[in-house]
Amino acid sequence: MSVPALIEAQNLIQLGDIAGAEHALANLAETEGDQALVAALDEFPAKDLLAIIREYDASKESLVNLLVTPEQFAQAVVLEKRYADLTHEQLRGMINSVIFRDGADAAEFLYEIAEVEGGYDALADYLQDRTQMVEHFYRYATFDLYEYGDESKTQAIDDDLLSLTRDTETRASAVDRASVEDHDWMEVTYLLRYELPEIFREVLMKLRARYQVYLRNLQNDEFAESPVAEEGDDEEVDAPKKNNDDGDDDDEESAL
């Protein structure tokens, strides 16, 4: 890096002063213009850019969040997994704060994220807590789990997910989009489903696979707990049952 502001910002990040690092980058934009900062961010390490972006504050605007390009943001956001945040709250917050900023094309940001290695996983992380609703929206064009949508808009209900492409998918109307403009997961799901169907297909396949793992783990937990409950009722009955099932337990657990 040859830009002093970038060197200063990187040093401050290493010291844990994220606010100071963002201020150093903002000073570059104030003295040399916004485009100078945009160009400089191409030289800024993605991990350091992520450190700044993920510390977003919804109560105030961040110049970096306002100026980062889709390509720069995509390179940074896929590194979020390094923070091992199992709730993915920071991931959702920073994605929302950037892709739904005024004047931004959210679909372009989502496309660029998918283009980077690990991008599909990042999008799946973003939607993971809403897997059942995303699946329902795919099938019935509504997020309401108790409704099944308009048949004229639910072509996918009997289709194989693998056949979902831009050529086969019809685009929903502006009225439909207005009903889900929450600048959050519903709007992201909508954009993926209708604007970027090929990406939606890959993300939903990942969500389905993760959900199956979750169900298997849940079943495994219930299976592991059941002998304990039975032993409290009748030890004499449980003892032979446990012996007879020893071999099967190993096979079943390995299959799961």
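How far apart are the axes of helix α8 and helix α9, and at what angle do they cross? Keep that in mind while you load things up; we'll get to that pair shortly. One caveat before you click anything: this is a predicted model.

**The whole chain**

Start with a cartoon view of everything. You should see 14 helices and zero strands, so to speak a run of α after α from the N terminus on. Switch to a surface and you have about 14,500 Å² exposed, with carbon and sulfur atoms supplying 47% of that area. Colour by burial next: of the 256 residues, 40% are buried. If you like contact maps, consider the contacts with a separation of 6 or more: 66% of them join residues 24 or more positions apart.

**Stop 1: α8 and α9**

Select residues 106–115 for α8 and 119–127 for α9. Here's the answer to the opening question: the two axes come within 6 Å and cross at roughly 125 degrees. That angle makes α8 oblique to α9. Show side chains for Leu110, Ile113 and Ala114 on the α8 side, then Gly119, Tyr120, Ala122 and Leu123 on the α9 side; these make the contact. Sorted by class, the contact has six nonpolar residues, one polar and no charged ones.

Now pick glutamate 117, in the loop between these two helices. Is glutamate 117 buried or exposed? Its relative accessible area is 77%, so glutamate 117 is exposed. While you're there, draw a C-alpha to C-alpha distance from glutamate 117 to glutamine 75: the two are 42 residues apart in sequence and 8.8 Å apart in space.

**Stop 2: α8 again, this time with α12**

Keep α8 selected and add α12, residues 185–195. What angle do α8 and α12 make when they pack? About 75 degrees, with the axes 10 Å apart. The two helices are therefore roughly perpendicular to each other. From α8, light up Ala106, Ala107 and Leu110; from α12, Val188, Leu191, Leu192 and Glu195, which they meet. Leu110 should ring a bell, as a residue of the α8 contact with α9 that turns up in the contact with α12 too. The class count for α8 with α12 is six nonpolar, no polar and one charged.

**Stop 3: α10 and α12**

Drop α8, keep α12 and add α10, residues 131–140. The axes of α10 and α12 come within 11 Å and cross at roughly 40 degrees. That makes α10 oblique to α12, and the crossing is right-handed. On α10, show Met133, Val134, Phe137 and Tyr138; on α12, show Trp185, Thr189, Tyr190, Arg193 and Tyr194. These contact residues divide into seven nonpolar, one polar and one charged.

**Stop 4: two buried residues**

Go to asparagine 96 in helix α7, residues 89–99. With 15% relative accessibility, under the 20% cut-off, asparagine 96 counts as buried. Which residues does asparagine 96 touch, leaving aside neighbours within four places in sequence? Tyr126, His183 and Asp184.

Then jump to alanine 40 in helix α3, residues 34–41. Alanine 40 is at 3% relative accessibility, so it counts as buried. Beyond its neighbours within four places in sequence, alanine 40 is in contact with Val3, Leu6 and Leu28. Try the C-alpha distance from alanine 40 to leucine 6: 7.4 Å, for residues 34 apart along the chain.

**Stop 5: two positive phi values**

Open your Ramachandran plot for the last stop. Most residues other than glycine have a negative phi. Where does alanine 84 sit? Look in the loop between α6, residues 70–77, and α7. The phi of alanine 84 is near 55 degrees, a positive value in a residue other than glycine. At 58% relative accessibility, alanine 84 counts as exposed.

Finish at alanine 141, in the loop between α10 and α11, the latter spanning 174–178. Phi of alanine 141 is near 60 degrees, again positive in a non-glycine residue. With a relative accessible area of 25%, alanine 141 is partly exposed.

Notes: Residues numbered from 1 in each chain as written. Predicted model: local features only at pLDDT ≥ 70, side-chain atom pairs only at ≥ 80, totals over all residues. Heavy atoms only, no water. Helix = DSSP H or I, 4+ residues; strand = E, 2+ residues; numbered from the N terminus. Buried < 20%, exposed > 50% of the residue type's maximum accessible area, 1.4 Å probe, protein only. Contact = heavy atoms within 4.5 Å. Areas by Shrake-Rupley, 256 points an atom, 1.4 Å probe, with all protein chains shown as cover. Axes fitted to C-alpha atoms, helices over the stretch in contact; angles between N-to-C directions. Parallel < 35°, antiparallel > 145°, perpendicular 65-115°, else oblique. Left-handed = near helix turned anticlockwise from the far one by under 90°. Nonpolar A, V, L, I, M, F, W, Y, C, P; charged D, E, K, R; others polar.
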